[in-house]
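Reader: I am new to reading protein structures, and I would like to go through this one slowly, with the reasoning spelled out at each step. Could we begin once the sequence and the model are in view?

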Amino acid sequence: KAGTKSNPSVFVFPLLQKQEVCGNLTLQHHMLEPVQRIPRYELLLKDYLKKLPEESPDRKDAEKSLELISTAANHSNAAIRKMEKMHKLLEVYERLGGEEDIVNPANELIKEGHIQKLSAKNGTAQDRYLFL
């Protein structure tokens with residue numbers, strides 16, 4: 001097969017994923033775990049603070065920890081949304097046959113859907129599909 005000599009991961013990753021220590025889970029699954037922990041930590045800290053007495057010596061550190069983890073969660077969520085938007089843009093690019101160079105981090109798909117264009121000459125409706 002072309003390109004497999006220069007990319008041994010094509011063979012290595014499937015072998016690693018089948019090992020018992022990996023729990024038969026894919027690499028993508030294992031890469032998601034750290035991202036999923038952040039919201040869990042945030043929920044745990046919020047719950048901890050609800051039950052922690054106001055006069056507790058741990059209160060200040062717990063509040064600072066919640067602030068930091070909340071910032072990390074917001075950053076993570078923003079990055080995920082950005083990647084989802086870029087993925088949608090790539091899908092549009094593929095649907096257009098790759099002819100228009102629209103894939104750029106500065107571009108954003110706002111809306112897409114069917115519209116009807118009214119002809120200026122005779123007022124007839126023409127079906128169109130719009131990417132905005």
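Reader: Is K88 buried, partly exposed or exposed in this model?
Author: The model is a predicted one, and in it K88 belongs to helix α3, which covers residues 59-95. The relative accessible area of K88 is 48%, and the class between buried and exposed runs from 20% to 50%. K88 is therefore partly exposed.

Reader: How far apart are the C-alpha atoms of K88 and E108?
Author: Along the chain, K88 and E108 are 20 residues apart. In space, the separation of their C-alpha atoms is 8.8 Å.

Reader: Which residue in β2 is the bridge partner of K117?
Author: Strand β1, residues 112-118, pairs with strand β2, residues 125-131, in the antiparallel sense and over seven bridges. The two strands form a hairpin with six residues between them, and in the turn G123 has a positive phi of about 75 degrees. Within this pairing, the partner that K117 finds in β2 is Q126.

Reader: What kind of aromatic pair do the rings of Y129 and F131 make?
Author: A search of the whole structure finds one aromatic pair. Its rings, those of Y129 and F131, have centres 5.2 Å apart and planes at 65 degrees, and planes over 60 degrees apart count as edge-to-face. The pair is therefore edge-to-face.

Reader: What is the relative accessibility of F131, the partner of Y129 in that pair?
Author: Y129 is partly exposed, with a relative accessible area of 36%. F131 also counts as partly exposed, and its relative accessibility is 28%.

Terms used. Residues are numbered from 1 along each chain as its sequence is written. This is a predicted model: local features need pLDDT of at least 70, side-chain atom pairs count only at pLDDT 80 or more; totals for chains, interfaces and linings use all residues. Side-chain values use heavy atoms; hydrogens and water are left out. Rings of Phe, Tyr and Trp (its six-membered ring) pair if their centres lie within 6.5 Å; planes under 30 degrees apart count as stacked, over 60 as edge-to-face and the rest as tilted. Buried means under 20% relative accessible area, exposed over 50%, partly exposed in between (1.4 Å probe, protein chains only). Helices (H or I, at least four residues) and strands (E, at least two) are DSSP runs, numbered from the N terminus. Two strands pair if DSSP finds at least two bridges between them.
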